[in-house]
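Biologist: I am new to this one and would like to go through it with you. Could you show it to me, and then tell me what stands behind each label you use?

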Amino acid sequence: MQGTVATYDASTRSGMLLLDDGTELAFPARAFDASGLRLLRLGQRVRIERDAAGEVVRVTLPTMA
């Protein structure tokens, strides 16, 4: 699944994503930390991985495996 970064707070390492269908989806710091990324920019496209409960567990760039 992919989305666009709507908000990102570098101090908390969490933010909000906007999915292609317009749904907002929050991501916690642990999902950002799992990505290995150093920062996110507003408007940046990202790939989202969720667990069985639907919680975001990883936010990565679309080109990353």
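**What stands behind the labels**

Modeller: Gladly! Let us start with Ser35, which counts as buried at 5% relative accessibility. This is a predicted model, in which local features need pLDDT of at least 70 and side-chain atom pairs count only at pLDDT 80 or more, while totals for chains, interfaces and linings use all residues. Residues are numbered from 1 along each chain as its sequence is written, and side-chain values use heavy atoms, with hydrogens and water left out.

Biologist: Why is Ser35 called buried?

Modeller: Buried means under 20% relative accessible area, exposed means over 50%, and partly exposed is in between (1.4 Å probe, protein chains only). Ser35 has 5%, so the label is buried. Its place is in the loop between helix 1 and strand 4. Helices (H or I, at least four residues) and strands (E, at least two) are DSSP runs, numbered from the N terminus.

Biologist: What makes the approach of the Ser35 side chain to the backbone oxygen of Phe32 a polar contact?

Modeller: A polar contact is a pair of N or O atoms within 3.5 Å; within protein, one must be able to donate a hydrogen and the other to accept it, and residues adjacent in sequence count only if both atoms are side-chain atoms. The Ser35 side chain reaches the backbone oxygen of Phe32 at 2.5 Å. A polar atom of that side chain also lies 3.4 Å from the backbone oxygen of Val59.

Biologist: How do you know that Asp33 and Arg13 form a salt bridge?

Modeller: The rule asks for a side-chain nitrogen of Lys or Arg within 4 Å of a carboxyl oxygen of Asp or Glu. For Asp33 and Arg13 the closest N and O atoms are 2.7 Å apart, and the pair forms a salt bridge. Asp33 lies in helix 1 (residues 29-33) and Arg13 in the loop between strand 1 (2-9) and strand 2 (14-19), so the pair ties together parts that are 20 residues apart in sequence.

Biologist: How many salt bridges does a search of the whole structure find?

Modeller: There are 4. Among them is the one between Arg45 and Asp20, at 2.8 Å from N to O. Arg45 lies in strand 4 (residues 45-50) and Asp20 in the loop between strand 2 and strand 3 (24-27), so this pair links parts 25 residues apart in sequence. Another joins Glu49 to Arg58, with the closest N and O atoms 3.5 Å apart.

Biologist: Why is Asp20 called exposed, and what label does Arg45 get?

Modeller: Asp20 has a relative accessible area of 59%, so it is exposed. Arg45, at 33%, is partly exposed.

Biologist: What makes strand 1 and strand 2 a pair?

Modeller: Two strands pair if DSSP finds at least two bridges between them. Strand 1 and strand 2 have 6 bridges, in the antiparallel sense. Thr7 stands opposite Met16 in strand 2. In their hairpin, which has 4 residues between the strands, Arg13 takes a positive phi near 60°.

Biologist: And which way do strand 2 and strand 3 run, parallel or antiparallel?

Modeller: Antiparallel, joined by 4 bridges. In strand 3, Ala26 is the bridge partner of Met16, and Glu24 is opposite Leu18.

Biologist: Which side chains of strand 2 are buried?

Modeller: Gly15, Leu17 and Leu19 point to one face and are buried, while Ser14, Met16 and Leu18 point to the other and are not.
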